[in-house]
Amino acid sequence: GPADEVFSHFGNTALSDFLLDLHVNLLLPNDWGLLLTGLLGFAMLVAAISGFVVHRHLLKELFTIRRAGTRLLKARDLHVIAGSWSLPFAFVLAFTGAFFSFGGAVGLPVLAAIAFGGDVDTAIEVLQPKVEEDPTPAPLADVDRMLSDAGAQSDAKAQNLLISHWGRADSTVSIRMAPAEGALLTSARIYGGASGEFIKQQPDLGDEPSFGGDLAALMTPLHFGNFAGVLSKAVWFGLGTASAYVALSGMVLWTRRRERDARWEPLARATAWFAYGLPVSLSV
């Protein structure tokens, strides 16, 4: 059936779908949203790199809060500390985010234009595993045995399983494994669907392992923080919260310095409405 029906049991809500669409493409159609989020990712990348240059006393600023001083100075110190701690995270998030946005919207069409005469379908086909077609009906082999073998070979747990050409002699079973203990990269193991025999280990990009494929595969764990279990997720959550605080406190500090100028009062109000209204409205 259609993908929406197949994956309906995942239980996505209208709110989660809205947030996902907002995050990935800013609710814009086709590739326009990906292009815009990619450009914003590059803007964030420039901000992160310039942050390393601007914070000349970075190590000192990681731990400095002036006890004496005005409330505004203490707020500035908190802003600087949060920004200093989240600079490496901002760089990683911006780079990987821009990679995801431009990879589909720009990278694949450019690759197709250069190497395949503009034929995107052929480019995608080349990047997929090669299997000789054989539509002869054949039952599926023991999937539990394939899962057990994949776990024993990779010393990792299975994340998902994909069966292609179900019920045919050329069917394949692709089992994607979680990263092994202490590793960053995932791997997929391909089995013959009818025979149940191991065929090959499939890289994320292309048909054979490559340095470029490994670099592309690194983007997902670095972007989502899913390389060290709950610990890396917690660190990514904390640094993401710090980045949000940096954006908010930066706007607040900027408007406070101009609070005597009535022209900036609407911006100060809008900052408060968006900053505090967004989480409250999402909770409701």
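**Contacts, helices and salt bridges in the predicted model**

Apart from its neighbours within four places in sequence, P179 is in contact with A156, Q159, L184, L185 and T186. This residue of the predicted model is placed in the loop between β2 and β3, the latter strand comprising residues 187-192. With a relative accessibility of 22%, P179 counts as partly exposed, because a residue is called buried under 20% and exposed over 50%. A further relation along the chain concerns D155, which lies 24 residues from P179 in sequence, while the C-alpha atoms of the two residues are separated by 8.9 Å.

The protein chain as a whole has 284 residues, of which 25% count as buried, and its secondary structure comes to 10 helices and 4 strands. Read from the N terminus, the elements follow the order α-α-α-α-α-α-α-β-β-β-β-α-α-α. Among the contacts of the protein chain with a separation of 6 or more, 50% are accounted for by residues 24 or more positions apart.

The loop between β1 (158-164) and β2 (172-177) holds S171, which counts as buried because its relative accessibility is 3%. The side chain of S171 reaches the backbone oxygen of R168 at a distance of 3.1 Å. When neighbours within four places in sequence are left aside, the residues in contact with S171 are L140, S164, H165, W166, Y191, G192, G193 and A194. R168 also takes part in a salt bridge, in which its side chain meets that of D170 with an N to O distance of 2.6 Å. The two partners differ in their burial class, since D170, at 6% relative accessibility, counts as buried, whereas R168 is partly exposed, with a relative accessible area of 23%.

In total, the count of salt bridges comes to 3. Side chains of opposite charge can pair when their charged atoms come close. Another of these pairs joins the side chains of D261 and R263 at 2.8 Å, N to O; here D261 is partly exposed, with a relative accessible area of 24%, and R263 is exposed, with a relative accessible area of 66%. A salt bridge is also formed by R269 with E265, whose closest N and O atoms are 3.0 Å apart. Both R269 and E265 lie in helix α10 (residues 265-283), where they are 4 residues apart, or about one turn of the helix. An α-helix has 3.6 residues a turn, so residues three or four places apart point the same way. R269 is partly exposed, with a relative accessible area of 47%, and E265 likewise counts as partly exposed, at 40% relative accessibility.

Helix α5 (residues 71-115) contains T96, a residue that counts as buried because its relative accessibility is 2%. The side chain of T96 reaches the backbone oxygen of V92 at 2.8 Å, and a polar contact, also at 2.8 Å, links the side chain of T96 with the side chain of H223. Not counting residues up to four places away in sequence, T96 touches M219, L222 and H223.

The spans of two further helices were compared with the value expected at 1.5 Å a residue. Helix α3 (residues 32-54) has 23 residues and should therefore span 33 Å, which agrees with the 33 Å between its end C-alpha atoms. For helix α9 (residues 229-256), the 28 residues should span 40 Å, and the end C-alpha atoms are 41 Å apart, which agrees. The buried residues of α3 are G33, L34, T37, G38, G41, L45, A48 and G51, while those of α9 are S232, W236, L239, A242, S243, S249, L253 and T255.

Two packed helices are described by the angle between their axes and the distance between the axes. For α3 and helix α2 (residues 14-25), the packing angle is about 65° and the axes are 7 Å apart. The contact brings H23, V24 and N25 in α2 together with G33, L34 and T37 in α3. By class, this contact of α2 with α3 has 2 nonpolar, 4 polar and no charged residues.

Technical notes: Residues are numbered from 1 along each chain as its sequence is written. This is a predicted model: local features need pLDDT of at least 70, side-chain atom pairs count only at pLDDT 80 or more; totals for chains, interfaces and linings use all residues. Side-chain values use heavy atoms; hydrogens and water are left out. Helices (H or I, at least four residues) and strands (E, at least two) are DSSP runs, numbered from the N terminus. The expected span of a helix is 1.5 Å times one less than its number of residues. Buried means under 20% relative accessible area, exposed over 50%, partly exposed in between (1.4 Å probe, protein chains only). Axes are lines fitted to C-alpha atoms, for helices over the stretch in contact, and angles run from 0 to 180 degrees between N-to-C directions. Contact means heavy atoms within 4.5 Å. Ala, Val, Leu, Ile, Met, Phe, Trp, Tyr, Cys and Pro count as nonpolar, Asp, Glu, Lys and Arg as charged, and the others, Gly among them, as polar. A salt bridge is a side-chain nitrogen of Lys or Arg within 4 Å of a carboxyl oxygen of Asp or Glu. A polar contact is a pair of N or O atoms within 3.5 Å; within protein, one must be able to donate a hydrogen and the other to accept it, and residues adjacent in sequence count only if both atoms are side-chain atoms.
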